[in-house]
Amino acid sequence: MTSPHCAQIRTSFSSYLDCAVSGQEMQKIARHLEECPACQEEFDGLRSMQLTLASLGPAKAPADLGMKLRLAISHEQAAAKARWMDSVSVKWENAIRPLLVQVSAGFAGSVALVGSIMMLLGMVAAPQTVMANDEPLGAMTSPHYLYSADTPRAIEGNSDSAIVVEAYVNAQGRVYDYHIVSGQANEAVRSQVAGQLLLSVFEPARVFGAPVRSMVVVTYSGISVRG
């Protein structure tokens with residue numbers, strides 16, 4: 001079994017062979033080798049190996065060493081570039097892209113909010129007066145006669161020409177004004193026409209189901225001529 005002192009001496013063999021120890025250390029190792037055959041044998045083996053390696057001379061570099069070095073450097077540069085691209089990609093995915101998504105969502109929300117406000121303003125704006133004889137729409141219905149609270153009688157006049165009246169009907173289906181367009185228009189005829197219109201009930205015009213004021217044309221053709 002190797003003693004601790006021998007083990008310590010053997011750790012200095014490499015430096016001793018290279019003359020890298022002090023003079024005192026060199027004398028100490030030399031005295032130990034003279035007294036310890038085992039360490040001497042170990043030292044002789046190392047020195048023989050050193051002499052053998054020294055006889056081989058310097059190793060010659062491979063002919064393709066330069067090419068291999070350039071190839072290795074090229075691979076390292078490519079790997080460094082890939083790592084940089086990976087770093088940029090990670091930053092894009094983790095920081096820049098979520099920020100852009102938040103900004104885009106905020107912009108879209110603002111546009112939607114402005115659109116909603118404009119739509120609400122359009123919904124609550126004051127409605128325009130709608131007449132049944134305006135431009136016809138699919139959601140609009142025209143007024144029409146329903147019945148009279150009195151038995152209709154012939155208009156008595158001076159001639160048998162038809163009397164055409166424009167009657168204005170409110171949302172309750174009652175006439176609130178009228179205008180004789182053609183035919184007799186004297187006071188007696190006006191009184192009879194007004195009396196019959198006031199007792200007449202109409203179905204009012206409707207826009208999207210809501211009753212509105214409208215105008216209806218009424219023709220009195222059964223004129224009774226006074227003798």
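So, serine 200: a polar atom of its side chain sits 2.6 Å from the backbone oxygen of glutamine 196. Keep in mind that this is a predicted model. Serine 200 belongs to strand 6, which runs over residues 200-203. Is serine 200 buried or exposed? Its relative accessibility is 7%, so we count serine 200 as buried. And who's around it? If you skip the neighbours within four places in sequence, serine 200 is in contact with Tyr145, Tyr147, Ser148, Gly173 and Arg174.

OK, on to the nonpolar cores. As a reminder, in soluble globular proteins, nonpolar side chains tend to be buried together. The largest core here has 15 residues, and the ones touching the most other members are Ile155, Ile163, Val165, Val193, Leu197, Val218 and Tyr220. Which elements supply at least two residues each? That would be strand 4 (163-169), strand 5 (175-182), helix 6 (187-199) and strand 9 (214-220). Strand 4 gives the most, with four residues.

Let me zoom in on isoleucine 163. Again leaving aside neighbours within four places in sequence, isoleucine 163 has contacts that include Ile155, Ile180, Val189, Val218, Tyr220 and Ile223. There's also another core, apart from that one, made of 11 residues, with Cys6, Ile9, Tyr16 and Phe43 among them.

Now helix 4, residues 37-56. This helix has 20 residues and spans 29 Å from first C-alpha to last, close to the 28 Å expected at 1.5 Å a residue. Right after helix 4 comes glycine 57, with a positive phi near 80 degrees.

Last topic, charges. In general, side chains of opposite charge can pair when their charged atoms come close. How many salt bridges does a search of the whole structure find? Three.

One is in helix 4: arginine 47 with aspartate 44, closest N and O atoms 3.3 Å apart. These two residues are three apart in the helix, about one turn. That fits the general picture: an α-helix has 3.6 residues a turn, so residues three or four places apart point the same way. Arginine 47 is partly exposed at 38% relative accessible area, and aspartate 44 is partly exposed too, at 32%.

Another one pairs arginine 83 with glutamate 76, at 3.4 Å between the closest N and O atoms. Arginine 83 comes in at 47%, so partly exposed, and glutamate 76, at 46%, is also partly exposed.

Then there's arginine 206 with glutamate 203, closest N and O atoms 3.0 Å apart. Arginine 206 is partly exposed at 29%, and glutamate 203 is partly exposed at 23%.

Methods: Residues numbered from 1 in each chain as written. Predicted model: local features only at pLDDT ≥ 70, side-chain atom pairs only at ≥ 80, totals over all residues. Heavy atoms only, no water. Buried < 20%, exposed > 50% of the residue type's maximum accessible area, 1.4 Å probe, protein only. Polar contact = N/O pair within 3.5 Å; in protein donor to acceptor, adjacent residues only side chain to side chain. Contact = heavy atoms within 4.5 Å. Expected span 1.5 Å × (residues − 1). Core = buried A, V, L, I, M, F, W, Y, C linked by side-chain atoms within 4.5 Å. Salt bridge = Lys/Arg side-chain N within 4 Å of Asp/Glu carboxyl O.
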